[in-house]
Amino acid sequence: MIRRSRRLGIAALLAAPLTLTACAAPIPTDAEWHPRTPESVSELAAAGEDIGFASIDPAELDGVTQHRTVSTDLGVDLRWPEVAGADGLNEAVEQHQWALIEQRESASGVAYAPQAQEAGAGLGPDARGCAPGATTASVEELRETATEADLVSTCEIVAAGGGMLGIRWRTLEGEDERLETSYYDALTGAEYGVADLLDLDDAAMDTLWHEAVQAMRVDAGALTLWPTGEPAVLDNAAREQFGAALAAGVLEPDGSLVLDVPGGFDSPELEALPGREDAAHHDRIRFAPDAIAPFLNDSGRSALELLGEDSPWQPPQSDVLGAHADCDLVACLALTYDDGPNPEMAGLLDSLAEHGAVATFFFIGSSVSGNADIVQRTQDEGHEVANHSWSHPDLTTLKPKEIREQIDRTQDAIAAITGVAPTLVRPPYGAFDDAVVGACDQPLVLWDVDTLDWEDPPVEELTADAVGTPEAGSIVLMHSIHDGSIEAAPGIVDGLHDRGFELVTVSGMFDGAVPGVVYSGR
Ligand code: NI
């Protein structure tokens, strides 16, 4: 409402020029001069009042998943988004996290490794990734939603259109605060800072600075929009300050540019204006599209086209359950369920889907054809379907030819339904020897956390154990044929998420290629 009334005030002033010319500068005769309209006037407001920028809830964007990693060893708490299928963008966004981590590593001498936090850490899906208001909330508010980490990095999605995503990054480190906005081409991964979208030589910077001064004069009650003179020539310190403010600015789809006025911003024209001192470093300015248009370069123009109203958000690929996770960066965990397929698994698959989790299922070949629907559904919902032998014998008691038969029959039975042969084998009872290793072409996948769910512990006990025991990179053993394991699944997934884990398939944990021979964790 403040903004509207200000506009009316300006319009009223423009409508009555004759009464004001007596106290304003003489009208220039320069043919270049075009009277300004209210729409072309840049605006100024105290932060948090009426000048904002678009803030998009990632939950409303197709294909966007959210990440967070907390390392108490390194003192970092980082959040970022991921776009399904946008490899270039994801790489660039992850690079942003690695840059923070590496800078921290070299300052501390501590090497980074993904860590999960204690049970009840509060790191579940709702507490991950970019959040509306994350870059404008007060430092106190932000610290409240973060861990005790010294370095806290969060983000806000400020633009999403076509295949382009604008992310405003905010980093707190001790007393320091840094803000920077990047626009990412989802397809190519090309990253543009605000300064990359504008051609800003020194003269252009001076012009924008002057524009900000004009907006401040109007904001402080100046009776004329008339420029007070030639643009000031900025000194190097001011230019650097203004450059930092530009880097943290937001280019809006309408072509306006919103930025926080640098602290200590001052200019001789402002000296005589009342009330400037208090407001000086709290102000945010919206540069009108007219003020920005002359400085847009080709990248800036195409970014605006991509972000414009006619260009709805369109990720390269629609969301797929089990989106990729970089297990060097986040705390991964693989839930594994043995001894299916069985009809009761439907409830387990429901729970996993509801809670946004994927798992790896080691199926017994002889059960596969009688449960074809479940096998297909398991595959369709992003889980990994793997091989647990044909009839569940102790493979170490068999001859090599028999071992191969146990594995190959199961491969064929699964492939006959899903069209895809498994790439992983789990030997029954975890029993293997050199002969078993030699007979299997696939890596043997064991576990490092055994929930002993077959002993039918109370569900609360099973849940607490499965949630509390794993570490980053763990492979957790459970069985889809035990009611307790199916009943416990929602609590287990929520509890693991809350500790900061990202649940992945076993192949996902190794980025699609399980290396070597025998695995019991990463
Ligand atoms: Ni088994």
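The exchange below goes through a predicted model of one protein chain, from its overall make-up to single residues.

Colleague: What is the mean pLDDT of the protein chain?

Modeller: Since the model is predicted, the confidence deserves a look before any detail, and 82% of the residues of the chain reach a pLDDT of 70 or more. Residues 1-24 stay under 50, with 19 contacts beyond four places in sequence, and residues 32-39 also stay under 50, with 11 such contacts. For the protein chain, the mean pLDDT is 85.

Colleague: How many helices and strands does the secondary structure of the protein chain come to, and what percentage of its residues count as buried?

Modeller: The chain has 522 residues, of which 52% count as buried, while its exposed surface comes to about 23,100 Å², with carbon and sulfur atoms supplying 51% of that area. Among contacts with a separation of 6 or more, 72% are between residues 24 or more positions apart. The secondary structure comes to 18 helices and 18 strands, and the buried share is 52%.

Colleague: How many residues of strand β5 are buried?

Modeller: In a regular strand the side chains alternate between the two faces of the sheet, so each face can be considered in turn. On one side of β5 lie Met 164, Gly 166, Arg 168, Arg 170 and Leu 172, and on the other Leu 165, Ile 167, Trp 169, Thr 171 and Glu 173, all of them buried. For strand β5, residues 164-173, the count of buried residues is therefore 10 of 10, where buried means under 20% relative accessible area.

Colleague: Which strands pair with β5 in the antiparallel sense?

Modeller: Strand β4, residues 151-161, is joined to β5 by 10 bridges in an antiparallel arrangement, and Ala 159 has Gly 166 of β5 as its bridge partner. On the other pairing, β5 and strand β6, residues 176-185, run antiparallel over 10 bridges, with Tyr 184 of β6 as the bridge partner of Leu 165. The strands asked for are β4 and β6.

Colleague: Which residue takes a positive phi in the hairpin of β4 and β5, and which in the hairpin of β5 and β6?

Modeller: The hairpin of β4 and β5 has 2 residues between its strands, and there the positive phi, near 50°, belongs to Gly 162. The hairpin of β5 and β6 also has 2 residues between its strands, and the positive phi in that turn is near 55°. The two residues are Gly 162 and Gly 174.

Colleague: Which residue stands opposite Val 250, and which residue takes a positive phi in the hairpin of β8 and β9?

Modeller: Strands β8 and β9 run antiparallel and are joined by 2 bridges, and the partner of Val 250 lies in β9. The hairpin has 5 residues between the strands, with a positive phi near 95° at one glycine. The residues are Val 258 for the position opposite Val 250 and Gly 255 for the positive phi.

Colleague: How many residues apart in sequence are the parts that the pair of Glu 252 and Arg 286 ties together?

Modeller: The structure holds 14 salt bridges, and one of them joins the side chains of Glu 252 and Arg 286 at 3.7 Å, N to O. Because Glu 252 lies in the loop between β8 and β9 and Arg 286 in strand β10, the pair ties together parts that are 34 residues apart in sequence.

Colleague: Are Asp 338 and Arg 426 buried or exposed, and how many residues apart in sequence are the parts they tie together?

Modeller: The side chains of Asp 338 and Arg 426 meet in a salt bridge of 2.8 Å, N to O. Asp 338 belongs to strand β11 and Arg 426 to the loop between α14 and α15, so the parts tied together are 88 residues apart in sequence. Both Asp 338 and Arg 426 are buried.

Colleague: Which residues form the nonpolar patch on the surface with Phe 432?

Modeller: Phe 432 is found in the loop between α14 and α15. Its relative accessible area is 35%, so Phe 432 counts as partly exposed and passes the cut-off of over 30% for patches. The patch has about 210 Å² of accessible area together, and the partners of Phe 432 in it are Val 517 and Val 518.

Note on methods:
Residues are numbered from 1 along each chain as its sequence is written. This is a predicted model: local features need pLDDT of at least 70, side-chain atom pairs count only at pLDDT 80 or more; totals for chains, interfaces and linings use all residues. Side-chain values use heavy atoms; hydrogens and water are left out. Patches are made of residues with over 30% relative accessible area and no salt bridge: like charges are joined within 9 Å, nonpolar side chains (Val, Leu, Ile, Met, Phe, Trp, Tyr) within 5 Å. Accessible areas come from the Shrake-Rupley method with a 1.4 Å probe; for residues, only the protein chains shown count as cover. A salt bridge is a side-chain nitrogen of Lys or Arg within 4 Å of a carboxyl oxygen of Asp or Glu. Helices (H or I, at least four residues) and strands (E, at least two) are DSSP runs, numbered from the N terminus. Buried means under 20% relative accessible area, exposed over 50%, partly exposed in between (1.4 Å probe, protein chains only). Two strands pair if DSSP finds at least two bridges between them. pLDDT is the predictor's confidence in each residue, from 0 to 100. Contact means heavy atoms within 4.5 Å.
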